[in-house]
Amino acid sequence: MKRLVEGIKRFQTEVFPAKAALFADLATGQTPRALFITCGDSRVEPTLITQANPGELFTLKNVGNIVPPYGSMVGGVSAGIEYAVEALQVKHIIICGHSDCGAMKAVLHPESVAGMPTIGEWLRQADAARRVALDNYPDLREDEKLDVLTQENVLAQLDNLKTHPSVASGIARGTLNLYGWVYVIHSGAVIGFDAEQGRFIPLDETHIPTATPRVRGRALVQAD
Ligand SMILES: [Zn+2]
């Protein structure tokens, strides 16, 4: 604790004065650019990875970067999504998994969390990703299986995200963009899902891969 409180002191005496104008600006409101949904893992720091300033990312962290499908569970994730999209009108939603994820290891080996019923129940929301990984990549090594599951889980949670009415509406209108990322802890790399290529590719500012489904045309057909 001493280390944390010393950190607060250093923040107040060194960091805060250096960004006084920014904090004055933020004192009365926020207009974040993006909703960032990622794992609770202490090694995943969205503002560090993206070098974003305070006020730029609305962040939701939970075990396994899970997004419950709309209506299945009223909780912090669903409320956070609704607030970010409806009230803050974010234009971008990122779901970011990461390497060496304890939650994904538990999804591969449910017996490892047998004594933790809440986690077991929560991680059932990664069952679709688990089946995709186990059924379609049976010959992979354990570490490769974990990587595949981590990527498939990001895609499965993006699918769940689209069941939220505010998100579905924003996508249909073309005002909301979705991104699926995986952060690699040992190298600092971030890969992103490219819906056009159907695979994860390294992120590059000249080509930012998006996971947003194509905006569809009007479905209304004139009947005679
Ligand atoms: Zn994790």
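**Helix α8, Ala106 and the sheet: why the labels apply**

Colleague: Which residues of α8 are buried?

Modeller: In this predicted model, the buried residues of α8 are Asp147, Leu149, Thr150, Gln151, Glu152, Asn153, Val154, Ala156, Gln157, Leu158 and Leu161.

Colleague: How do you know that the span of helix α8 agrees with its number of residues?

Modeller: Helix α8 covers residues 142-161, which is 20 residues. At 1.5 Å a residue, these should span 28 Å. The end C-alpha atoms of α8 are 28 Å apart, so the two values agree.

Colleague: Why is Ala106 called buried?

Modeller: The label needs 20 or more other C-beta atoms within 10 Å. Ala106 has 20, and therefore counts as buried.

Colleague: Where is Ala106, and which residues is Ala106 in contact with beyond its neighbours within four places in sequence?

Modeller: Ala106 is in helix α5, residues 102-108. With those sequence neighbours left aside, its contacts are Ser112, Val113, Ile119 and Leu123. As for Gly120, 14 residues from Ala106 along the chain, the C-alpha atoms of the two are separated by 8.2 Å.

Colleague: Why does Ser169 count as partly exposed?

Modeller: A residue is exposed with 12 or fewer C-beta neighbours and buried with 20 or more. Ser169 has 13 inside 10 Å, so it counts as partly exposed. Ser169 is found in helix α9, residues 165-173. Its C-alpha atom is separated by 47 Å from that of Lys2, 167 residues away along the chain.

Colleague: What makes strand β3 mostly covered?

Modeller: Strand β3 runs over residues 92-98, and six of its seven residues are buried.

Colleague: How do you know that β3 pairs with β1 and β4?

Modeller: Pairing requires at least two bridges. Five bridges join β3 to β1 (residues 34-39), in the parallel sense. One position to look at is Thr38, which stands opposite Cys96 in β3. Seven bridges join β3 to β4 (residues 177-183), and these strands also run parallel. Here Ile95 has Gly180 in β4 as its bridge partner.

Colleague: Why are β2 and β6 said to stand at the edges of the sheet?

Modeller: The six strands form an open sheet in the order β2-β1-β3-β4-β5-β6, with mixed pairing. β2 (57-62) and β6 (199-202) each have a single partner strand, so one side of each is left without a neighbour in the sheet. Neighbouring strands are turned against each other by 25 degrees on average, direction ignored.

Colleague: How do you know that β1 and β2 pair?

Modeller: Against the requirement of at least two bridges, β1 and β2 have six, in the parallel sense. In β2, Phe58 is the bridge partner of Leu35. Helix α4 (residues 76-87) packs on the sheet, touching β1 and β2, and its direction makes about 170 degrees with that of β2.

Colleague: Why does the radius of gyration of the protein agree with that of a compact globule?

Modeller: For 224 residues, a compact globule would have a radius near 17 Å; the protein has 19 Å, which agrees. Its C-alpha atoms fill a box of roughly 65 × 55 × 40 Å along the principal axes. Of the 224 residues, 29% count as buried.

Colleague: Which domains does the domain assignment give?

Modeller: The assignment gives domain 1 (1-29) and domain 2 (31-202). Their centres, taken over C-alpha atoms, are separated by 29 Å.

How values were computed
Residues numbered from 1 in each chain as written. Predicted model: local features only at pLDDT ≥ 70, side-chain atom pairs only at ≥ 80, totals over all residues. Domains from an automatic or database assignment. Helix = DSSP H or I, 4+ residues; strand = E, 2+ residues; numbered from the N terminus. Contact = placed C-beta atoms within 7 Å. Expected span 1.5 Å × (residues − 1). Axes fitted to C-alpha atoms, helices over the stretch in contact; angles between N-to-C directions. Rg over C-alpha atoms; globule rule 2.2 N^0.38 Å.
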